[in-house]
Amino acid sequence: MNYLASVGSYAIMIREVFKKPTKWRIMKSLIFKEIDELIFSSLGIIIFISFFIGAVVAIQTALNLTNPLIPRDLIGFATRQSVILEFAPTFVSIIMAGKVGSYITSSIGTMRVTEQIDALEVMGVNSLNYLVFPKIIAMLFYPFAIAISMYVGIFGGWMAGVFGGFLTSEDFITGLQSDFVPFHIAYAFVKTLIFAFAIATIPSFHGFYMRGGALEVGKASTTAFVWTSVVIIILNYILTQLLLG
Amino acid sequence: MIEVRDIHKSFGDAHILKGISTTFEKGKTNLIIGQSGSGKTVFLKCLLGLFEPEEGGIAYDGKLYADLADEEKRDLRQEMGMVFQGSALFDSMTVEGNVKFPLEMFTKQSKSEMKDRVDAVLKRVNLIDAHHKFPSEISGGMQKRVAIARAIVMNPKYLFCDEPNSGLDPKTAILIDNLIKEITEEYNITTVINTHDMNSVMQIGEKITFLKDGLLEWEGTKNEIFKTDNEAVTNFVYSSDLFKKVRQMYIKEQN
Ligand SMILES: Nc1ncnc2c1ncn2[C@@H]1O[C@H](COP(=O)(O)OP(=O)(O)OP(=O)(O)O)[C@@H](O)[C@H]1O
Ligand SMILES: [Mg+2]
């Protein structure tokens with residue numbers, strides 16, 4: 001029952017976000033600030049994680065290829081598929097739910113407990129539009145970060161495969177290029193965009209409607225992370241069934 | 001002038017305001033006093049339109065809030081300034097950015113017009129060299145002054161302050177009180193201030209409204225508050241030993 005009520009208030013919040021827009025001149029600078037905060041400042045961790053995940057996938061595949069009849073270039077193929085289909089869009093999004101999500105919840109939550117949101121409302125500003133809309137727009141650039149993640153992940157796999165002595169560079173590239181289904185890329189980016197929306201809005205919801213003080217801001221961040229991850233996992237299942245099933 | 005007509009406000013089962021009617025006049029500092037939890041902040045948030053009362057209504061210079069269209073409500077909001085209990089400055093902006101914010105949001109002023117206006121109000125609250133500091137870099141008293149500057153930058157008709165001097169030392173508190181009173185008179189604003197500070201009552205209480213358990217228990221001027229027989233008021237006013245002694249001396253003198 002409580003969950004249903006939350007889903008209802010979440011829907012109402014989303015509607016409010018798109019009402020009574022803030023002046024474009026101000027909104028523009030808010031959007032740039034959020035792109036910097038949410039996307040650019042996350043690139044480091046995204047690249048770091050993607051590289052090593054790609055490398056590990058390649059090594060795992062190589063170590064499990066004990067049957068000599070299976071060609072070595074399968075390592076390249078497996079790395080490409082797992083990185084593009086799951087690791088870059090889903091795994092990285094879970095990490096971002098923690099990194100970006102906790103930033104969003106704590107920054108909005110702090111504004112709530114220090115009455116800064118009331119101050120906005122009193123002035124006649126639509127605080128949901130002012131605070132959440134720029135985050136949603138900034139997260140439209142999230143697929144670019146995931147594209148980088150895919151690239152770096154595959155590069156990590158290549159490095160680990162070639163320099164670990166599991167296969168030659170040519171074999172890896174043959175594997176990379178075999179049985180390529182362009183729709184998989186579309187699937188991955190559709191997922192990414194939907195996850196981006198979840199990462200921008202669910203933590204905002206938890207920050208915006210929180211009550212209490214500094215301690216509750218911390219708790220709200222944790223709750224927001226748990227819910228964002230749960231939603232991403234469930235959406236991932238549904239979208240995979242719908243788009244690939 | 002603000003007329004409050006029998007307003008009621010509840011949160012779930014908790015009936016917080018149980019029918020309050022009063023009038024706040026222009027150019028005067030109207031004080032709301034009462035114990036913690038008596039509903040002062042809720043009352044002020046009703047005046048601000050942040051909460052809508054379930055019953056009764058509030059009229060601003062004759063215009064009943066509930067009768068206004070959304071657009072008119074928004075315009076009315078822009079005639080209100082609010083100083084929050086914790087100042088509520090935007091901590092991602094400098095002092096200048098905070099004060100300029102309403103101008104950027106709601107006016108078509110040029111950069112230089114805005115700068116002049118911001119300089120003028122910051123000067124009015126005696127802050128001249130803090131323009132580029134962030135709220136976290138200035139003292140509580142300075143934050144309050146920035147909050148006042150932000151509240152008056154749009155030339156409001158109505159100014160609301162929620163415990164403007166809580167957390168300040170007595171000297172700074174008096175400075176802030178006097179500043180609010182001067183601004184109220186200078187710009188002929190209808191000012192409503194929540195407080196539980198008896199010093200403020202003595203200093204600037206032109207009209208005092210005492211709330212108790214969601215009801216208006218007593219109303220009067222600062223001279224009347226020391227003479228009243230209303231037990232709830234005297235219990236509140238003389239809750240500190242110092243004031244009890246002052247009252248005894250006062251009564252002795254009268255006899
Ligand atoms: N948004 C809200 N939801 C539910 N209850 C609330 C809300 N705001 C205030 N209350 C309740 O209303 C009552 C009055 O609170 P209010 O903040 O107005 O007191 P106050 O007189 O301002 O006290 P203080 O002097 O401590 O600031 C309290 O019991 C509080 O729990
Ligand atoms: Mg209060």
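Two strands are said to pair when DSSP finds at least two bridges between them. With that criterion in mind, the tour of this predicted model may begin in chain B.

**Stop 1: the E6–E7 pair**

Select strand E6 (80-83) of chain B together with strand E7 (residues 158-162). E6(B) and E7(B) pair in the parallel sense, over 4 bridges. Two of the partnerships can be picked out residue by residue. Gly81(B) has Leu159(B) as its bridge partner in E7(B), and Met82(B) has Phe160(B).

Now display the side chains of E6(B). In a regular strand, side chains alternate between the two faces of the sheet. Met80(B) and Met82(B) point one way from E6(B), whereas Gly81(B) and Val83(B) point the other way. What is the state of these residues, buried or exposed? All are buried.

**Stop 2: the whole sheet**

Extend the selection to the 6 strands of the open sheet in chain B, which run in the order E6-E7-E8-E3-E9-E10. Strands of a sheet pair through backbone hydrogen bonds, either parallel or antiparallel. In this sheet the pairing is mixed. Which strands stand at the edges? They are E6 (80-83) and E10 (215-220) of chain B; each has a single partner strand, so one side of each is left without a neighbour in the sheet. From one strand to the next, the twist averages 20°.

**Stop 3: ligand 1**

Select ligand 1 and the 14 residues that surround it. The closest are Ser36(B), Gly37(B), Lys40(B), Thr41(B) and Val42(B). Residues from chains A and B both surround the ligand, so the site is shared between chains. By residue type, the shell divides into 4 nonpolar, 7 polar and 3 charged.

Three distances merit display, each running from an oxygen atom of ligand 1 to an N or O atom in a side chain:

- Ser36(B), at 2.4 Å
- Thr41(B), at 2.7 Å
- Glu163(B), at 3.1 Å

On its own, ligand 1 has 630 Å² of accessible area, and the protein covers 64% of this.

**Stop 4: helix H1 of chain B**

Which helix gives the most to the shell around ligand 1? It is helix H1 (residues 40-47) of chain B, with 3 residues. Select H1(B) and examine its surroundings: the helix is mostly covered, with 7 of its 8 residues buried. The buried residues are Lys40(B), Val42(B), Phe43(B), Leu44(B), Lys45(B), Cys46(B) and Leu47(B). Of these, Lys40(B) and Val42(B) were also met among the closest residues to ligand 1. Just after H1(B), select Gly49(B), which takes a positive phi of about 80°.

**Stop 5: Thr172(B)**

Proceed to helix H6 (residues 170-186) of chain B, where Thr172(B) is found. Thr172(B) has 18% relative accessibility and therefore counts as buried, the limit being under 20%. Its side chain is joined to that of Asp169(B) by a polar contact of 2.5 Å. Add Gly140(B) to the selection: the C-alpha atoms of Thr172(B) and Gly140(B) are separated by 9.6 Å, although these residues are 32 residues apart along the chain.

**Stop 6: Leu74(A)**

Finally, move to chain A and select Leu74(A), which lies in helix H3 (residues 74-113). Why does Leu74(A) count as partly exposed? The reason is its relative accessibility of 29%, since partly exposed residues fall between the 20% and 50% limits. Ala62(A) is 12 residues away along the chain, and its C-alpha atom is 8.5 Å from that of Leu74(A).

How values were computed: Residues are numbered from 1 along each chain as its sequence is written. Chains are lettered from A and ligands numbered from 1 in the order in which they are written. This is a predicted model: local features need pLDDT of at least 70, side-chain atom pairs count only at pLDDT 80 or more; totals for chains, interfaces and linings use all residues. Side-chain values use heavy atoms; hydrogens and water are left out. Helices (H or I, at least four residues) and strands (E, at least two) are DSSP runs, numbered from the N terminus. Axes are lines fitted to C-alpha atoms, for helices over the stretch in contact, and angles run from 0 to 180 degrees between N-to-C directions. Buried means under 20% relative accessible area, exposed over 50%, partly exposed in between (1.4 Å probe, protein chains only). A residue is near a molecule or strand if one of its heavy atoms lies within 4 Å of it. A polar contact is a pair of N or O atoms within 3.5 Å; within protein, one must be able to donate a hydrogen and the other to accept it, and residues adjacent in sequence count only if both atoms are side-chain atoms. Accessible areas come from the Shrake-Rupley method with a 1.4 Å probe; for residues, only the protein chains shown count as cover. Ala, Val, Leu, Ile, Met, Phe, Trp, Tyr, Cys and Pro count as nonpolar, Asp, Glu, Lys and Arg as charged, and the others, Gly among them, as polar.
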